[in-house]
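Student: I would like to learn how to read a structure slowly, one feature after another. Could we begin with a single residue and work outward from there?

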Amino acid sequence: MKTNTILNLKISEIGKDGDGIAKVNENFCVYIPFALPGDKVSAEITESYKTYAKAKILKFFEFSPSRVKTKCQFVELCGGCQIQQMKYSEQLNLKKKIVETCLQTFGVKIEETLPSENIFRYRNKSLIPVSKDVNKNIIAGIYKKDSHEIISCPDCKIGIKENEKIIKTVISHLEQYNIEPYDENTCTGILRHILIRKGFFTNEVMISLIVNAEKLPYENELVKKLTENNGNIKTVCITPNLQNTNVINGKEFRTIYGEGFITDYIGKIKYKISPLSFFQINPKQTVKLYEKVLEFAALTGKETVFDLYCGVGTISLFLAQKAKKVYGVEIIPQAIENAKENAEINRISNAEFLCGNAGEIFNRLVENQKVKADVVVVDPPRKGCEEELLKTVLKLKPKKFVYVSCNPVSLARDLKFLTENGFVLEKVQPADMFPHTVHVETVCLLTFCF
Ligand code: SAH
């Protein structure tokens with residue numbers, strides 16, 4: 001099919017990337033971003049391949065019953081929210097279906113997707129790029145999909161309300177003192193990104209300005225403007241990043257106001273969050289997810305537990321409240337430092353954190369040190385677990401294995417290996433951590449029968 005061809009199409013399905021799918025015939029489909037099952041549209045082919053094409057909507061003839069008005073006017077340009085145009089209940093169904101499709105060979109019931117309490121303003125962290133538009137006005141907002149072009153959008157609807165005022169204050173400071181935003185083509189200019197984080201349970205706000213210099217001119221004046229009549233802003237930091245790369249954050253920060261960190265909670269556990277540390281993005285939903293992990297682990301207080309790929313130890317510390325001993329393993333040294341610090345802040349002494357490759361360390365503990373564990377929890381990155389780790393699970397034969405996954409495709413592969421080797425997949429619970437996106441988190445319980 002030629003590009004630029006215009007077709008009238010009825011959308012019958014939705015794919016796992018959130019594109020609507022129209023079948024032209026048995027062997028040819030058209031993928032259309034932002035189209036939903038039930039929409040009838042006129043669409044123009046933008047890319048064409050042997051068995052499928054991509055198209056963009058020109059006009060609607062009929063709207064899908066699942067369609068709602070989006071809150072954000074930039075959804076199509078941004079690409080961050082692939083399904084904001086879909087009713088929330090339908091989004092939850094879609095996520096369940098995505099998991100169901102990946103795990104259908106296991107013949108196990110997939111629970112209804114756990115909904116997020118907030119479906120807008122749920123992100124506690126925003127990284128806002130700053131630039132100049134064609135008229136040389138300073139703007140801040142979002143990247144246009146698949147590009148480095150910045151669109152002025154100071155109030156992303158999944159970010160916090162406080163962002164807009166902070167961004168406007170920073171822009172007016174740049175204008176007042178003729179401070180240039182960073183230009184990645186020439187590597188000149190100063191302000192690159194504004195990082196804003198909020199503790200959802202404490203209301204504390206942190207601002208970090210990522211700059212292509214050691215200092216931002218007139219820092220103290222900016223602090224005064226930001227904190228005037230805004231008691232929630234607890235700290236302001238400067239994070240130099242003089243590298244000409246896509247890496248956004250710098251390696252060290254300097255505190256120009258407050259203590260250089262804010263605090264927040266997940267359940268009863270308190271966390272210290274610095275401009276550089278990792279913290280769960282949707283903390284309210286994280287509690288629900290971890291409660292599921294805890295429910296599946298069914299701890300009584302006597303168990304030894306592994307939390308592999310533990311990051312800053314959020315799951316480990318959550319489980320430590322109900323276990324005898326928890327071992328957390330993570331590859332990033334900084335994250336392990338944070339995990340140890342978080343354990344200390346909360347006076348948790350039954351969690352031990354080890355830095356290194358999860359598969360290797362786990363195997364060493366089980367093989368050489370003969371550590372026995374009753375429950376193993378994993379929360380791996382998108383590529384899933386390493387084979388060495390899964391083989392060690394088979395050797396250890398824990399009574400319970402809880403798998404937290406952000407990618408149902410790698411999850412299906414790992415579950416296949418485990419179920420072919422004696423484990424039984426008992427429960428599958430999808431959870432929505434990121435409303436309006438097609439991301440889905442899944443918690444699975446496997447048991448080992450002797
Ligand atoms: N539950 C964690 C987040 C897990 S995200 C938290 O709340 O902090 C997955 C983690 O796996 C990341 O922190 C990543 O650094 C780590 N990781 C990736 N590959 C790893 C490996 N081979 N061994 C150990 N950790 C790894």
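Tutor: Let us begin with Lys95, which counts as buried because its relative accessibility is 0%, and buried here means under 20% relative accessible area. Please keep in mind throughout that this is a predicted model.

Student: In which helix is Lys95 found, and what lies 3.2 Å from a polar atom of its side chain?

Tutor: Lys95 is found in helix 2, which covers residues 88-103, and the backbone oxygen of Phe434 lies 3.2 Å from a polar atom of the Lys95 side chain. If we leave aside neighbours within four places in sequence, the residues in contact with Lys95 include Ile83 and Thr113, and also Asp432, Phe434, Pro435, Thr437, Val438, His439 and Val440.

Student: Now I would like to understand cores. Which residues have the most contacts inside the largest nonpolar core?

Tutor: The general idea is that in soluble globular proteins, nonpolar side chains tend to be buried together. In this model the largest nonpolar core has 46 residues, and those with the most contacts inside it are Leu103, Phe306, Leu308, Phe362, Val378, Leu389 and Phe401. A second core, separate from that one, has 39 residues, with Phe279, Tyr290, Ala297 and Val377 among them.

Student: Is Leu389 buried or exposed, and which residues does Leu389 touch?

Tutor: Leu389, which lies in helix 9 (residues 387-396), counts as buried because its relative accessibility is 0%. Not counting residues up to four places away in sequence, Leu389 touches Leu308, Tyr309, Ala358, Gly359, Phe362 and Val378. The pair Leu389 and Phe362 is instructive, for these residues are 27 residues apart along the chain, and yet their C-alpha atoms are separated by 6.9 Å. Phe306 can be read in the same manner: with neighbours within four places in sequence left aside, its contacts include Tyr327, Phe362, Leu365 and Leu396.

Student: Let us turn to sheets. In what order do the seven strands of the open sheet stand, and which strands are at its edges?

Tutor: In general, strands of a sheet pair through backbone hydrogen bonds, either parallel or antiparallel. Here seven strands form an open sheet in the order 18-17-16-19-20-22-21, with mixed pairing. Strand 18 (351-355) and strand 21 (423-431) stand at the edges, and each has a single partner strand, so one side of each is left without a neighbour in the sheet. On average, and with direction ignored, neighbouring strands of this sheet are turned by 15° against each other.

Student: In which sense do strand 16 and strand 17 pair, and which residue stands opposite Leu308?

Tutor: Strand 16, residues 304-308, and strand 17, residues 325-330, pair in the parallel sense over five bridges. Within that pairing, Val329 in strand 17 stands opposite Leu308, and Leu308 is also one of the residues with the most contacts inside the largest nonpolar core.

Student: How many salt bridges are counted, and which parts of the chain does the pair Arg254 and Glu219 tie together?

Tutor: The count comes to 23 salt bridges, where a side-chain nitrogen of Lys or Arg must be within 4 Å of a carboxyl oxygen of Asp or Glu. The side chains of Arg254 and Glu219 meet in one of them, at 2.9 Å from N to O. Arg254 lies in strand 13 (residues 254-257) and Glu219 in helix 4 (residues 219-227), so this salt bridge ties together parts that are 35 residues apart in sequence. Arg254 counts as partly exposed at 33% relative accessibility, whereas Glu219 counts as buried at 6%. Salt bridges can also be linked into a network, as is the case for Arg121, Asp155 and Lys157.

Student: Finally, where does Lys136 lie, and what is its phi near?

Tutor: Lys136 lies in the loop between strand 7 (125-132) and strand 8 (138-143), and its phi is near 70°, a positive value in a residue other than glycine. Lys136 is exposed, with a relative accessible area of 62%. Arg347, in the loop between helix 7 (333-345) and strand 18, also has a positive phi, near 55°, and Arg347 is exposed as well, with a relative accessible area of 77%.

Conventions
Residues are numbered from 1 along each chain as its sequence is written. This is a predicted model: local features need pLDDT of at least 70, side-chain atom pairs count only at pLDDT 80 or more; totals for chains, interfaces and linings use all residues. Side-chain values use heavy atoms; hydrogens and water are left out. A nonpolar core is a set of buried Ala, Val, Leu, Ile, Met, Phe, Trp, Tyr and Cys residues joined through side-chain atoms within 4.5 Å. Buried means under 20% relative accessible area, exposed over 50%, partly exposed in between (1.4 Å probe, protein chains only). Contact means heavy atoms within 4.5 Å. Two strands pair if DSSP finds at least two bridges between them. Helices (H or I, at least four residues) and strands (E, at least two) are DSSP runs, numbered from the N terminus. Axes are lines fitted to C-alpha atoms, for helices over the stretch in contact, and angles run from 0 to 180 degrees between N-to-C directions. A polar contact is a pair of N or O atoms within 3.5 Å; within protein, one must be able to donate a hydrogen and the other to accept it, and residues adjacent in sequence count only if both atoms are side-chain atoms.
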